[in-house]
Amino acid sequence: MNLPAIQSALEEQGFDAWLLCDHHHRDPIAYRVLGLPAASMVTRRWFYVIPAKGEAAKLVHRIEAGHLDTLPGDKRQYSGWQELEENLKTMLAPYKTVAMQYSPNNRIFVISLIDAGTIELIRSFGTNVVSSGDLVAKFESTLTEDQIASHFEARDAVDRVTAAAFQEIGRRVRNGGTHEYEMQRWILEAFDREGLKTDDAPIVGVNAHSGDPHYEPRPETSKPILVGDWVLLDIWGKMNRPNSVYYDITWTGFVGVAPSDRHRQVFEVVTSARDAAAAKVISTVAASRDFINSKGFGEYFIHRTGHSISSDIHSNGANMDDLEVHDVRQILPNSCFSIEPGVYLPEFGVRSEINILVRQGSAEVTGKIQREIVMV
């Protein structure tokens, strides 16, 4: 835990304190922010309040009294619920406004982890509860220089695997055949060779399966890949070491000589939308959705324009438009996110995904940008 940095951020936000609490590991954010072990047994509620100024304070159950001993601050203990509420009210008495893992109307649902009853309890003390969303983004989704370097290292490795996967598809199609699940396994083997890891296996989607944004190839559903097929590869990975950062891309290709005019049309719409969003990053990222709507494909763009990226593939920074999440948080320096517009028709889908790294006063696309359909 970086206590001075947290207190500085609280002052910047105008919050009196940040109240973190948990039981049964319901709030993984709290453990990461505080540097607590994720595997400890937590059967009773604990509370930790970090003020913008002054000393932190903690409240723990007597049978799990040592849970917060690695953290600074005065420790209180309780057994019964009345004692818990009395101690918690006293701890919070100096503070008018506390941030918690809460989002009004559950708008940013990845942040809204504290149950309504706990929010009601805190408010019953006369304490105003506000969202910790910007604090979480700062401490969960901004990157160190070493993490940024790991993102670029993953980029180089994932780009090599992606290019080789398209080549391998073409080789196998012309020499006995292949199918989606087999190529997914091939990519995972390539990840091992490159020192990459991933939380979920990559997507290899053919024709109609490429029109399913989260299609998962399985042995029982895997389709053969043939000459004349449209192929989508969605590949994300990070270096296999602690605190490394993901690189996440989606490319599309055609097995054969010439894709149809429809393939080319949708590919052009999607990649132009991607470029529109990248060009207007930070201030007007919704330009991507506006562009697709203007071309008549709005009903087929069914997900957000992009997501935050860090050591988790879907991190807790700001989302990239106002579709799925009404997210008004800032895009912070040293944060990374995807831009990935897609059009998903019944017969095939196109998604084109890039990663953008935001620095202080500038932003850059961190990898290759697909300009043409890959001819496999």
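**Exercise 1.** State how many bridges join S13 to S14, and in which direction the two strands run.

*Solution.* Start with the terms: strands (E, at least two residues) and helices (H or I, at least four) are DSSP runs, numbered from the N terminus. Two strands pair if DSSP finds at least two bridges between them. S13 and S14 run antiparallel and are joined by two bridges. One residue pair can be named: Ser-308 has Phe-337 in S14 as its bridge partner.

The model is predicted, with local features requiring pLDDT of at least 70 and side-chain atom pairs pLDDT 80 or more, while totals for chains, interfaces and linings use all residues. Residues are numbered from 1 along each chain as its sequence is written, and side-chain values use heavy atoms, leaving out hydrogens and water.

**Exercise 2.** Place S13 and S14 in their sheet and find the edge strands.

*Solution.* The sheet is open, has four strands in the order S13-S14-S17-S18, and its pairing is antiparallel. Strand S13 (308–309) and strand S18 (362–365) are the edges, each pairing on one side only. At the S18 end, four bridges join S17 to S18, which run antiparallel; in S18, Glu-364 is the bridge partner of Leu-357. S17 and S18 form a hairpin with two residues between them, and Gly-361 in the turn has a positive phi of about 85 degrees.

**Exercise 3.** Which strands does helix H6 lie across, and at what angle does the helix run to S17?

*Solution.* Axes are lines fitted to C-alpha atoms, for helices over the stretch in contact (heavy atoms within 4.5 Å). Angles run from 0 to 180 degrees between N-to-C directions. Helix H6 (residues 145–173) lies across S14, strand S17 (354–359) and S18, and runs at about 155 degrees to S17.

**Exercise 4.** Describe the largest cavity by volume and lining.

*Solution.* A cavity is a set of points on a 1 Å grid over the protein atoms alone where a 1.4 Å probe fits but cannot get out; lining residues have an atom within 4 Å of a point. Points are joined across faces, edges and corners, and the volume is the space filled by probe spheres set on them. One cavity of 30 Å³ or more is counted, and the largest cavity has a volume of about 80 Å³. Its lining has 13 residues, with Ser-308, Gly-317, Ala-318, Leu-332 and Ser-335 nearest the centre. Helix H5 (133–141) and strand S14 (335–339) each give two or more residues to this lining. The largest share, three residues, comes from S14.

Notes
On a 1 Å grid over the protein atoms alone, a cavity is a set of points where a 1.4 Å probe fits but cannot get out, and a pocket is an open set with protein on both sides within 12 Å along at least five of seven lines; lining residues have an atom within 4 Å of a point.
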